[in-house]
Amino acid sequence: MRGINEEIKSAWKYADGHLDNFLEELKELVSQPSVSAQNLGLKECAELVRSKMVQLGMDVKLIPIEGAPDAVYSELKGSPGSNTLVIYNHYDVQPAEPLEEWKTEPFRPTEKDGMLFGRGVGDDKGELVARFNAIKSLIDSGGSLKPSLKWFVEGEEEVGSPHLHAFINKNRSLLKGDGCLWEGGDRSSSGRSEIHLGVKGLLYVEFRLKVGEKDQHSQYGTIAPNPSWRLVNLLKTIKNENEKILIEGFYEDVAKPTSQEKKFLKENEFSTEGLRKSLEIKYLLKEKDDVSTITKHLYSPTANIAGFGAGYLGEGAKTIVPREAFVKMDFRLVANMRALDIERKLRKHLKKFGFDDVPLNIYSKEDPAKTPVESYIAQTMIECTEMVEKVKPNVWPTVAGTGPMSLFTKELKLPTAMGLGINYPGAGFHAPNEHIIIDYYMRGIKQLICLFAMF
């Protein structure tokens with residue numbers, strides 16, 4: 001492993017002395033709402049990100065994308081003859097609802113007990129600003145940026161990046177590089193840093209069934225069709241009580257972990273009990289030993305009901321037969337599965353069981369992605385983590401979540417890894433009271449300093 005040189009030590013010292021400034025910069029970005037699902041504040045946030053990159057001395061431009069929020073793209077030259085590091089982030093966040101469950105205002109970032117609360121503070125604005133601060137620490141302390149940077153920040157990741165594929169096909173040379181630092185970066189439930197080398201894919205769908213122009217008195221339940229029951233019966237054909245997905249051919253392309261991946265799964269620090277506590281749930285489905293649990297979590301596809309709506313949802317009783325019902329579902333896909341293939345199998349399944357009259361809307365499709373652990377980006381990130389943490393990170397072949405990484409690994413042929421981050425399992429992504437631990441924020445900045453000084 002390369003040693004910690006004076007340049008890195010000086011940058012670490014600079015970062016320690018400017019933590020308050022770094023937090024204020026993060027608060028500024030979190031204070032700007034940027035909810036892609038609601039088209040809220042995206043233009044203003046893109047401009048704010050652009051201005052932050054300009055302050056770093058980067059060559060920055062807003063790139064219009066038809067039908068989508070502007071992307072922010074920037075470049076910064078590194079040392080002569082150096083590698084090019086592509087960086088991917090997003091500035092959009094999830095909706096803050098349900099607002100009544102927040103203990104603080106979601107867009108008024110609040111420090112409390114060594115944590116910082118706010119929507120997007122972890123996913124993904126904290127990661128974005130940590131990268132800003134790492135570059136600033138390295139340069140302002142007298143160091144030099146080693147890699148040349150190409151930085152792409154989009155504004156619709158949280159709705160599945162529906163326009164990114166077309167953009168990349170038109171701009172392949174723009175994102176050409178030697179490795180890609182992906183958004184995010186996590187820790188285990190005990191606080192150990194983690195490197196992730198892939199993501200699951202995703203097919204997000206909605207079934208919406210309308211059977212009339214108005215709700216009916218429930219006395220007509222004998223003769224009036226109830227869309228809720230029809231969707232319940234549809235769902236029962238997709239997955240059974242033993243958690244098995246019943247769509248024909250659904251599992252036929254599922255990739256099993258390789259021998260090397262099994263080695264990581266056994267060596268990595270992981271606690272089923274720790275994960276359960278971090279998630280604040282009473283039990284895990286078919287809970288087993290640690291290795292079996294994490295293998296199932298990372299290598300099994302899912303059929304998840306994300307939302308179900310119909311009829312009267314207010315207080316007290318109201319006896320009706322609803323006129324309309326809907327279900328939102330997401331299917332997480334593992335290596336070798338393809339979102340388009342699963343969509344076709346789902347449509348065939350609906351026809352087989354007589355539900356092809358139920359309107360099916362596709363919200364997003366993303367394929368899974370994976371990068372070899374031997375890649376230079378992965379090895380350098382592992383080294384950077386060890387420099388700061390003094391222990392080896394957990395190296396996971398994939399993460400259970402999803403992002404448009406396959407466009408980078410497959411279309412652009414970029415080895416891509418996720419890590420050097422600031423988050424942990426209890427951070428509340430996509431939920432009320434999203435937060436980061438400030439100590440992890442600083443340690444993430446120091447890991448990133450190493451990457452920008454070494455890659």
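Contact, in this report, means heavy atoms within 4.5 Å of each other. The structure above is a predicted model, in which local features need pLDDT of at least 70 and side-chain atom pairs count only at pLDDT 80 or more, while totals for chains, interfaces and linings use all residues. Residues are numbered from 1 along each chain as its sequence is written, and side-chain values use heavy atoms, with hydrogens and water left out.

**Two buried glutamates**

Let us start with E389. Leaving out residues up to four places away in sequence, E389 touches R187, S193, R443 and Q447. This glutamate sits in helix α11 (residues 376–389); helices (H or I, at least four residues) and strands (E, at least two) are DSSP runs, numbered from the N terminus. Is E389 buried or exposed? With a relative accessibility of 14%, E389 counts as buried; buried means under 20% relative accessible area, exposed over 50%, and partly exposed in between (1.4 Å probe, protein chains only).

E366 belongs to strand β14 (residues 360–366) and is buried too, at 8% relative accessibility. Not counting residues up to four places away in sequence, its contacts are G160, S161, G201, L202, L333, A339, T402, G403 and P404. Between the C-alpha atoms of E366 and T398, which are 32 residues apart along the chain, the separation is 15 Å.

**The sheet and the helices on it**

Strands of a sheet pair through backbone hydrogen bonds, either parallel or antiparallel. Here, six strands make an open sheet with mixed pairing, in the order β1-β2-β6-β3-β7-β18; two strands pair if DSSP finds at least two bridges between them. At the edges are β1 (59–65) and β18 (416–417), each of which pairs on one side only. Strands β3 (residues 84–90) and β6 (residues 148–154) run in the parallel sense and share seven bridges. One bridge links H90 with E154 of β6.

Two helices can be followed onto this sheet. Helix α4 (residues 125–140) packs on it and touches β2 (68–76), β3, β6 and β7 (179–181), with a direction about 155° from that of β6. Helix α13 (residues 438–454) also packs on the sheet, touching β3, β6 and β7, and its direction makes about 145° with that of β3. For these angles, axes are lines fitted to C-alpha atoms, for helices over the stretch in contact, and values run from 0 to 180 degrees between N-to-C directions.

**How α2 meets two other helices**

Helix α2 (residues 19–30) and helix α3 (residues 42–55) have axes that come within 10 Å and cross at roughly 155°. The pair is therefore roughly antiparallel; angles under 35 degrees count as roughly parallel, over 145 as roughly antiparallel, 65 to 115 as roughly perpendicular and the rest as oblique. On the α2 side, E25, E28 and L29 make the contact, and on the α3 side C45, L48, V49 and K52 do.

The axes of α2 and α13 come within 12 Å and cross at roughly 100°, which makes these two helices roughly perpendicular. Their contact joins L19, F22, L23 and L26 of α2 to I438, Y441, M442 and I445 of α13.

The table sorts both contacts by class: Ala, Val, Leu, Ile, Met, Phe, Trp, Tyr, Cys and Pro count as nonpolar, Asp, Glu, Lys and Arg as charged, and the others, Gly among them, as polar.

| Contact | Nonpolar | Polar | Charged |
|---|---|---|---|
| α2 with α3 | four residues | no residues | three residues |
| α2 with α13 | eight residues | no residues | no residues |

**The cores**

In soluble globular proteins, nonpolar side chains tend to be buried together. A nonpolar core is a set of buried Ala, Val, Leu, Ile, Met, Phe, Trp, Tyr and Cys residues joined through side-chain atoms within 4.5 Å. The largest one here has 66 residues, and M53, L85, L149, W151, Y441 and F452 have the most contacts inside it. Helix α13 supplies the largest share, eleven residues. Leaving aside neighbours within four places in sequence, L85 is in contact with residues including L149, I377, L451 and F452. Another core, of 27 residues, lies apart and has L234, L333, A339 and F355 among its members.

**Backbone details in the loops**

A cis peptide bond, with omega about 5°, joins E97 and P98. P98 lies in the loop between β3 and β4 (110–112). K390 is a residue other than glycine with a positive phi, near 70°, and at 59% relative accessibility K390 counts as exposed.
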